[in-house]
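Here is a friendly briefing to read alongside the chain you are about to see. Keep the viewer open, and follow the points in whatever order suits you.

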Amino acid sequence: MNLTIDERRLADEIETLATFSDAEAPAVTRVVFTPTERKARAWVKDRCKSAGLILRDDAIGNTFARWEGTRRNAPAVGTGSHIDAIPNAGKYDGVVGVLGGLEAIRALQRSEFLPKHAIELLIFACEEPTRFGIGCLGSRVLSGTLSPDAAKKLTDSDGRTVDQVRRSAGLEGELEDVKLPSGYYKAFVELHIEQGPILERENKPLGVVENIAAPASLRLTIEGSGGHAGGTLMPDRRDALCAAAELILALEAAAKSSGAIDTVATVGICDVFPGAVNSIPARVRLSADIRDTSLERRDGVMRALDQACEATSGKRKVDVHKELWNADAPAQSSAEIVAALSEACSNHNFPCLRMTSRAYHDSLFMSRLAPVAMLFIPSKNGYSHRPDEYSSPEDIARGALVLAETLAALAK
Ligand SMILES: [Zn+2]
């Protein structure tokens, strides 16, 4: 099979897609279901149509562009990513996987490869949490990770529901029909920029992702007792901030002693009430974000935090209330797809690094539905979610080539 990537055209398409933006260039702002995002999606769909792909939108706005295989009822091989962008973002996050995926399909068509399994390009809806406060909404509902009822309860900052917003963007049908049946995909592979510095630092042009870390996030409210900073003596205090400090350090200790470098835990928010220099903190709100590639280890850290809450509340006579916001399970890549990606890399003598994705992606949720893996290309300086995010045309084309060969291996 003689595969060639049209590097120039792919680079031009990435530049053109970046012009669909609500921010001044080079920044890209493209929030889901805005007129700008709808126009960008229509433009990408038009490119897919020109490649002869069959298009379908589901009720939440995921777009499927299908190249039919010779075995009609065989499960499809999927690839794709997202085109929505957070405010003041760059040109490459998500886009490389969508336009690179399209170019991979066109490369296979030019080589006269005939897939047995359909190859389907997926353009996910609402990967970024900007509008509804939750990331990967399209793939969560598609994979059955989030129920239609839970999705319907989400609102944007104007108080509009997902149903209202999607219908006014012209999407018909019911959210109940979005979930794909298991077995729909034989495999799903996502090409993405690394969004970190490792490939550049290691001087490797490609990264094969073996696992995707996933976060659990919690909110802790610690209720103590306030009072005058002079009048209340130390033995009588129930200082909520001192209790919070113990919990923060206990969480850090639990993450550090998990036995794996992949365990990370962060308290990023600490609100102190009443927040006055001469007043004992009566109430503290903390956020906690715990991530790992192993669910078992992450749950271990969460149990350690539970124990610390109990111990601190007894010792300091404070009430600790814990609220779990979200707990996605991490995903392991499929050994078969990792092997296909690695083989495609070695066929071209492209050095590749086996790595962990520390950010999460639509592939995390697709893993509930199908075997998945991801392919990373370098991000200059590790920058992402900012206007100077950059990946070179050569690196993008190399990623598209390896993706094309991998899709061929999976769909033959
Ligand atoms: Zn992304």
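What follows covers the overall build, one helix and its surroundings, and a few backbone details. Please keep in mind that this is a predicted model. The protein chain has twelve helices and 16 strands, and 54% of its 412 residues count as buried.

**Overall build**

- A compact globule of 412 residues would have a radius of gyration near 22 Å, and the protein chain, at 24 Å, agrees with that.
- Along its principal axes, the C-alpha trace spans about 85 × 45 × 40 Å.
- Taking the contacts with a separation of 6 or more, 79% are between residues 24 or more positions apart.

**Surface and charge**

- The protein chain has an accessible surface of about 17,700 Å², and carbon and sulfur atoms hold 50% of that area.
- There are 49 positive and 56 negative charges in the protein chain, and the mean positions of the two sets lie 2 Å apart.

**Helix α10 and what covers it**

- Helix α10 runs over residues 335-347. Its 13 residues should span 18 Å at 1.5 Å a residue, and the end C-alpha atoms are indeed 18 Å apart, so the expected and modelled values agree.
- The buried residues of α10 are Ile-337, Val-338, Ala-340, Leu-341, Ser-342, Ala-344 and Cys-345.
- As a reminder for reading that list, an α-helix has 3.6 residues a turn, so residues three or four places apart point the same way.
- The cover over the buried residues of α10 includes the strands β7 (185-193), β8 (206-212), β15 (352-357) and β16 (372-377). Helix α12 (393-411) is also among the elements that cover them.

**Glu-68 and its contacts**

- Glu-68 sits in the loop that links β3 (63-67) to β4 (76-82).
- Is Glu-68 buried or partly exposed? Its relative accessible area is 22%, and because buried means under 20%, Glu-68 counts as partly exposed.
- Leaving aside residues up to four places away in sequence, Glu-68 touches Pro-115 and Ala-118.
- The C-alpha atom of Glu-68 is 7.3 Å from that of His-117, although these two residues are 49 residues apart along the chain.

**Cis peptide bonds**

- The peptide bond from Ala-25 to Pro-26 is cis, with omega near 5°. Pro-26 belongs to the loop between α1 (7-18) and β1 (28-30).
- Phe-273 and Pro-274 are also joined by a cis peptide bond, and omega is about 5° there. Pro-274 is found in the loop between β11 (270-273) and β12 (283-292).

**Positive phi outside glycine**

- Lys-317 is not a glycine, yet it has a positive phi of about 55°. This residue lies in the loop between α9 (295-316) and β13 (319-327).
- Lys-317 counts as exposed because its relative accessibility is 58%, and the cut-off for exposed is over 50%.
- His-385 likewise has a positive phi of about 55° without being a glycine. Its place is in the loop between β16 and α12, two of the elements that cover the buried residues of α10.
- How does His-385 count, at 34% relative accessibility? His-385 counts as partly exposed, because that class lies between the 20% and 50% cut-offs.

Definitions and conventions. Residues are numbered from 1 along each chain as its sequence is written. This is a predicted model: local features need pLDDT of at least 70, side-chain atom pairs count only at pLDDT 80 or more; totals for chains, interfaces and linings use all residues. Side-chain values use heavy atoms; hydrogens and water are left out. Helices (H or I, at least four residues) and strands (E, at least two) are DSSP runs, numbered from the N terminus. The radius of gyration is taken over C-alpha atoms; the globule rule is 2.2 Å times the number of residues to the power 0.38. Buried means under 20% relative accessible area, exposed over 50%, partly exposed in between (1.4 Å probe, protein chains only). Contact means heavy atoms within 4.5 Å. Accessible areas come from the Shrake-Rupley method with a 1.4 Å probe; for residues, only the protein chains shown count as cover. Lys and Arg count as positive and Asp and Glu as negative; His and the chain ends are not counted. The place of a charge is taken as NZ of Lys, CZ of Arg, CG of Asp or CD of Glu. The expected span of a helix is 1.5 Å times one less than its number of residues.
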